[in-house]
Amino acid sequence: MCCVIGAILTVVGVGVLMGEALTIGSRLPSIDALDTPSSEATRIYAADGQLIASLYQENRESIPLSQVPHILQRAVIDTEDADFYRHHGISLRAVVRAGFRDLREKGYAEGGSTITQQLARNLFLTSAKSIERKIAELLLAVQVERRLTKDEILERYLNQVYFGEGAYGVETAAQVYFGKPAQDLTLAQSVQLAGLIQAPSHDSPFEHPSRAHARMVEVLQRMVDQGDLTSREMATVLHTSLHFADKGNTGFVGIRAPYFVSYILPMLRQRYGEEVLYKGGLRIYTTLDVTLQAEAEAALRHGVDEALRRHLSVHQGAIVVLDPRTGYIRAMIGGYDFQESKFNRAWQAHRQPGSAFKPFLYTTAIMRGYPLTKMLLDAPIEFAQPNGKLWAPQDFDHAWHGLVTMRYALENSINVASIRLEEEVGPEAVVEVAHWMGITSPLQPVLSLTLGSNDVTVLEMVSAYGVFASGGVRSAPLAILKVTDWHGKVLEEHVPLRKVVLSPEVAYLMTDMLRGVVLRGTGTAANIGIPAAGKTGTTDDYRNAWFIGFTPSLVAGVYIGNDDDSPMNHVVGGSVPAGIWAAFMKRATADQPKDDWPQPDGIAGQILCGTSGLLAAPGCVRPHSELFVRGTEPEIFDLTDGRPDPVEGGPTPSAGRAPVADLPVSVQPGVGQPAVVQGGPPAAVPGATAGALPLIITVPREGSSGTVPFLVQGTTRSGAVVHIVVLSEIGAQRIQAADVFMQADQAGGFAYEVSPWVRHAGGRLVITATATVGLDAVPASISVQPR
């Protein structure tokens, strides 16, 4: 009885399948279309709707079978369909094997398709896995076998099949992967290509070399099993080094912005796969501004051409332009000429930014509460390295600038002063702030960090500077706004991703300092007569030069260098890069409002006197304005005339700096530790010898009383910088009465007249003097009773 029921079910099943086959067969496409495959191109649009690029329908160059190496033909046949020359379009053995595996995997794990079936599917069907499609594939394969010879089928298959990287057919694949025509492929190269057919993205030698090698081993083993190779030949191939062509951004026609398109391609390929991306008719809407893109390209090319004309040995560069308010990427130029080099230096090249990294240090300092008037010492210094050698950083001009304000140090890119500031705030804090602001590359928390010793990309730097331009808000870089299928169905859509990372006050102070770079510092070549700010960057031996600058509505970064890392001819960030930036921004902002940054309510301006950091009193000969976070501005007047004590033979001081002698300094264990002395005339550092830094306050004496104003005098080492702080104390109240820097004369003497602006009967004045030479610093302190 069971046998009868089984037979009936079998007959019914066969009948159902035959009926289904007849139904599907009546709807099959005509194989007359063998030579006219159709597919829909993917199109990429700029922000204003202009078409900027079309992805190839199929990047193919057909060749006759006679130009395909025999060993490549055999590699493909052995791998994809070993019975190709023995069946009539359908391999029952393969179908049965695939069926059992499908049952085991509870799905369509293996198709069991012959080369003829694959050709029929590629030309007439989709890749969706279903019983209906499999039946159609079998029926079409029979028709193709009746229409074409085996060699014709193989020829069309080899010209149709997809090898990844936008390459259809063996001829294009040979060019893409090995830079040669198919007829010149070696055995190893042929085996590599044959292995790509099954899963070109998964086994790509560009993206996944280990997977590609593993697949190559599988192909070789199948060729050995089929008798087309010996085991010795297999071993020889496995010991052959494969040299691939440079990975190009193949598979698209760049109409106006090939570097920009090459930037978004990896994202699209990852999300949709190569089959859909290159044949699925996607519509991709981007943030690109075609006008800014053209202007950026023209500026870069002109700048490089002009540099070459001047024999500056400049060959490559990159520009990235963002809208800091949204993160929209408005332009991206990744090199001088896309046809010559498809490598995208805007985001693929990691280069040292030099001093263009310093703003992250100064941002950290302002966040810690440091005013722009904080004095930093620029004098020789050395650091012991793990290899036992000494690192002695220098300034670009190989001169020493003495005591300088934070503003002056950043505007003029003073290296050693910046390193001392980094020692105070800590490299780890600078790394954290840089990452908050948009630097995604790994950063090492070392003292050379502020000099730009870590590699970053132009896109990262431009994005991070956008935080200053937008008042402290970070907008993540955004290139793709929307993707739809060719029917208009939205597949993905993006809006700006914004996050507050700096207070408006910190961002404004940093922007104001960076404006100073452009107005009077190292970046004056970027001054285009409108509110703008930026920073230069130059690395050792002139190998990389940068300028990152911004207005309220645009932030743009320019990188200049050579791909072989060879030095340029004295090119600095303030020369060629700043000039390119200015040329671009003049055109980019020509029709835009010349807006300035609004000053936050939390910022206050004050008129200061000289380098004292104190408010200017009547009679100050060097008054100047400065900005502070409200509540941190000074409240004490500088009652001197603002002139630092003269130094015989020393430089004339200018706003923001005070003179200091060039003294060799080395870091020694135990030297420079605080030593406070109170009591006993005169105040001195006990045990001061020629090997240590001496400091003696000779006038007034500890505990003495007298009228004000009074004179503070003392001795220390010749040329030492002396910092005198006077505090007025009455009860628990402490008011700063003076804070001044000066330099000891040739004999080591120093003197300063204290004229407190407050009078507190019954209080006392605490006078602290600190002498500094390099990292050696020693204080002495006394108190007096004013009358």
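The protein chain exposes about 34500 Å², and carbon and sulfur atoms supply 54% of that area (accessible areas come from the Shrake-Rupley method with a 1.4 Å probe). The model is a predicted one, in which local features need pLDDT of at least 70 and side-chain atom pairs count only at pLDDT 80 or more, while totals for chains, interfaces and linings use all residues. Residues are numbered from 1 along each chain as its sequence is written, and side-chain values use heavy atoms, with hydrogens and water left out.

Of the 787 residues in the protein chain, 53% are buried, that is, under 20% relative accessible area with a 1.4 Å probe, counting protein chains only. The chain holds 19 helices and 33 strands; these are DSSP runs numbered from the N terminus, with at least four residues (H or I) for a helix and at least two (E) for a strand.

One sheet invites a closer look. Five strands form this open sheet in the order β8-β7-β19-β18-β17, with antiparallel pairing (two strands pair if DSSP finds at least two bridges between them). β8 (329-333) and β17 stand at the edges with a single partner strand each, so one side of each is left without a neighbour in the sheet. On average, neighbouring strands of this sheet are turned by 5° against each other, direction ignored.

At one edge, strand β17 (residues 533-538) is mostly covered, with five of its six residues buried. Six bridges join β17 to the antiparallel strand β18 (residues 544-550), and G534 stands opposite G549 in β18. The two strands form a hairpin with five residues between them, and D541 in the turn has a positive phi of about 60°. At the other edge, four bridges join β7 (residues 316-322) to β8, where I329 is the bridge partner of L322.

Helices accompany the sheet too. Helix α12 (residues 290-309) lies across β7, β8 and β19 (555-561), running at about 30° to β8. Helix α18 (residues 504-520) packs on the sheet and touches β17 and β18, its direction making about 65° with that of β17. Contact here means heavy atoms within 4.5 Å; axes are lines fitted to C-alpha atoms, for helices over the stretch in contact, and angles run from 0 to 180 degrees between N-to-C directions.

Terms used
Buried means under 20% relative accessible area, exposed over 50%, partly exposed in between (1.4 Å probe, protein chains only).
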